[in-house]
Amino acid sequence: MLRRETGVDLIAVLAMAGALVLGEYLAGAIIAVMLTGGAALERFAVARARRELGALLERAPHTAHRRAGADIIDVDTAEVRLGDVLVVKPGEVVPADGIVSLGTAILDESALTGESKPVQIDIGSPARSGGTNAGSPFELRVTAPAAESTYAGIIRLVKAAEESKAPFVRLADRYALAFLGLTVALAALAWIAGGSPIRALAVLVVATPCPLILAAPAAIIAGVSCAARHGIIIKGGGPLETLARATVLLLDKTGTVTTARPQVVAVETFGAISSDDVVRHAASIEQVSVHPYAPAILAEARSRSVELSFPVDVREQMGTGIGGNVDGRRVAVGQLGFVAPSAPRTPELRSIEQRTAVEGSSSVYVSIDGSLAGVLLLQDPIRPEAPRAFRALRAAGMQRIHMVTGDHPDVAELVGDALGVDRVFAERTPEEKVEVIKLVRAEGVAVMVGDGINDAPALALADVGVAMGARGATAASEAADVVLTADRLGGLLLATRIAQRTRRIALESVFVGMGLSLVAMVFAAAGYITPVAGAVLQEGIDVLVILNALRALGGGGMLVMPRRGDTKGLAQGLALAHRSLRPHVGELAALAARLDSLPAREARAQLEQIRDMFERELLPHEREEQQTAYPLLGKLLKEEDPTGPLIQTHHEIRRLTRLFGRLVARLPVEGPRPEDLRDLRRVLYGLHAILTLHFAQEEELYSLFDG
């Protein structure tokens, strides 16, 4: 009352005060026990399971290496001053903003910007604090000490966002004022009509809003517990209630809608060498590399089942490339200037550079014995479950879905188009992400999903911040209201459904309990219920509504997709088959592009290899999917069974492969003639497009099997 916060407790206070004045101590004691018990429940429900915001500093470096002449001295980051020269070692976080003064800095700034590709910063260029050194040691001349650095600024943004966030209004208090007015009016009427203050007290006692004080917190606690069983940490009742009312969703790109694990999407070759040989030589060298792209190249080699050799005489230039001997041949892998510095800029090279710029992919060049052999193109793939999760979230009430990222617009918009988001906010700094949150909150209750340090301020300001906890930075997890411990977007959908179901049960309990209380108030006003009897009756209503509220505890299993015991193994087998076929699919477009530059006999040989691959691997795989996986999908999805269009796609794939086989069979022995190339290209490009789309559709659905 001193804070002028009128809530549900005021009716209970009036009832207890009346009980004391009129000597109805038992009734007052029962109300007091109920009130304090409800308060304890609510404190437990809304307590945030987060440490102090100072925990954001855990990732920040506490020590810097300052150069003093020929010596390097370790100092506390707080002692770093303007103009100091610092040495940043491999794997360390840049402790302060500055200018690169010696060496080349290769920085992983994904935690700051969301950009998945390492950034190369040359001498004389500025480097921001918070990035991780992914290359060789370099020296940095400080232009802003740690306390004024980019990373420290992000922490200040998080604190400011927390302070400016609108306070949560608990569900119970939304109905308290109207109920309070009705109760006081009815109590006054009972006193006047009956001529006894005992009747007014009886009305107050049975009106004590136990359903509001107890039922809502009990349901919220049950919902939080239900979410925890499914690997979703919800930090209190406020975020759970707010998530249930959310209508606007914002997502970061890298690590949230994409996997943040690059994959090889294409292999281009120069000359007569095959793509398998390019991958074999590159992967053999990458076995001993620490570069972030090494796992992707090794995975590509495994999917192609190529046999690797262990390299010798290996030399790695951090962030630029690696070279060594493989089976007696000198192999170099990395940037073009490293692997083949004297290579002429041919039309093929310009085409690859243009493709990487347009698609936002990365290129890793491979040379063998000094000659450029090929290039591997890598991309950060979209999570296979993302499209389906987005559709389900829209069905669950998300009216607007936006993507906000630090990536270049060309890259971000391609991802946004693939996912069907409503709007893409690209090239946004942490400060600008906060402004985006302020902008979209005008559209409705906003949820922000992210996983990096650059997302932390936006997560703190959003109505509900959700961190992808499996990969998320400490800053994101600490600033968020909800943490998904499983690295899957399906957790967001499950959290939303649990929140909505919990809120629905809480409202049911509140309104049923208030309705019963209103009936009891009428009887109390007529003199049929004494204060003590009213208190006991109210306790009975409490038990009823709390039992109903606890239904939220066991509802999580109803919200997840049912799975049969053998589906996970089936999903893994189908995913393995897709990985083995994907390199061949990538070859279709590459072969179509270079048909006219290959010798005729070589072109015929490669076309026959593709035809044989269709007959031996692709078509049997499609038949197996249709016979084993599609019936299970139909049972799982029931009313939204998507297997009809997928089966139709299988028919088109079979038609195109048959057409391709006929075209190859009609070729002369010496190889394709110029007039044959047009039809061959048309079918190859068509197969590449339909297989790429079809694999993406199937992998999205097979993610259901894998849970």
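In these exercises, buried means under 20% relative accessible area, exposed means over 50%, and partly exposed lies in between, with a 1.4 Å probe and protein chains only. The model is predicted, so that local features need pLDDT of at least 70 and side-chain atom pairs count only at pLDDT 80 or more, while totals for chains, interfaces and linings use all residues. Residues are numbered from 1 along each chain as its sequence is written, and side-chain values use heavy atoms, with hydrogens and water left out.

**Exercise 1. Describe the backbone and the exposure of aspartate 369 and aspartate 313.**

Step 1: aspartate 369 is not a glycine, yet its phi is positive, at about 55°. The residue lies in the loop between β16 (362–368) and β17 (371–379), where strands (E, at least two residues) and helices (H or I, at least four) are DSSP runs numbered from the N terminus. Aspartate 369 counts as partly exposed because its relative accessibility is 43%.

Step 2: aspartate 313, also a residue other than glycine, has a positive phi near 55°. Aspartate 313 belongs to strand β13 (residues 312–317), and with a relative accessible area of 43% it is partly exposed.

**Exercise 2. Characterise the aromatic pair of phenylalanine 614 and phenylalanine 660.**

Step 1: rings of Phe, Tyr and Trp (its six-membered ring) pair if their centres lie within 6.5 Å, and planes under 30 degrees apart count as stacked, over 60 as edge-to-face and the rest as tilted. The structure holds two aromatic pairs; in the one formed by phenylalanine 614 and phenylalanine 660, the centres are 5.7 Å apart and the planes make an angle of 80°, which is edge-to-face.

Step 2: this pair links distant parts of the chain, 46 residues apart, with phenylalanine 614 in helix α22 (residues 600–637) and phenylalanine 660 in helix α23 (residues 643–665).

Step 3: phenylalanine 614 is buried because its relative accessible area is 1%, and phenylalanine 660 is buried at 0%.

**Exercise 3. Work out the order of the sheet that contains β5, β6 and β8, and identify its edges.**

Step 1: two strands pair if DSSP finds at least two bridges between them. The three strands form an open sheet in the order β6-β5-β8, with antiparallel pairing.

Step 2: β6 (119–121) and β8 (132–133) each have a single partner strand and stand at the edges, so one side of each is left without a neighbour in the sheet.

Step 3: between β5 (residues 105–108) and β6 the antiparallel pairing runs over three bridges, and alanine 105 has isoleucine 121 in β6 as its bridge partner.

**Exercise 4. Place proline 531 and leucine 494 in the fold, and name residues that lie far from them in sequence.**

Step 1: proline 531 is part of helix α20 (residues 531–549), and its relative accessibility of 2% is the reason why it counts as buried.

Step 2: apart from neighbours within four places in sequence, proline 531 is in contact (heavy atoms within 4.5 Å) with Glu24, Ala27, Ile198, Leu201, Ala202 and Val205. Its C-alpha atom is 7.8 Å from that of arginine 199, although the two residues are 332 residues apart in sequence.

Step 3: leucine 494 lies in helix α19 (residues 490–525) and is buried, with a relative accessible area of 10%. The C-alpha atoms of leucine 494 and isoleucine 232 are separated by 8.6 Å, while 262 residues separate them along the chain.
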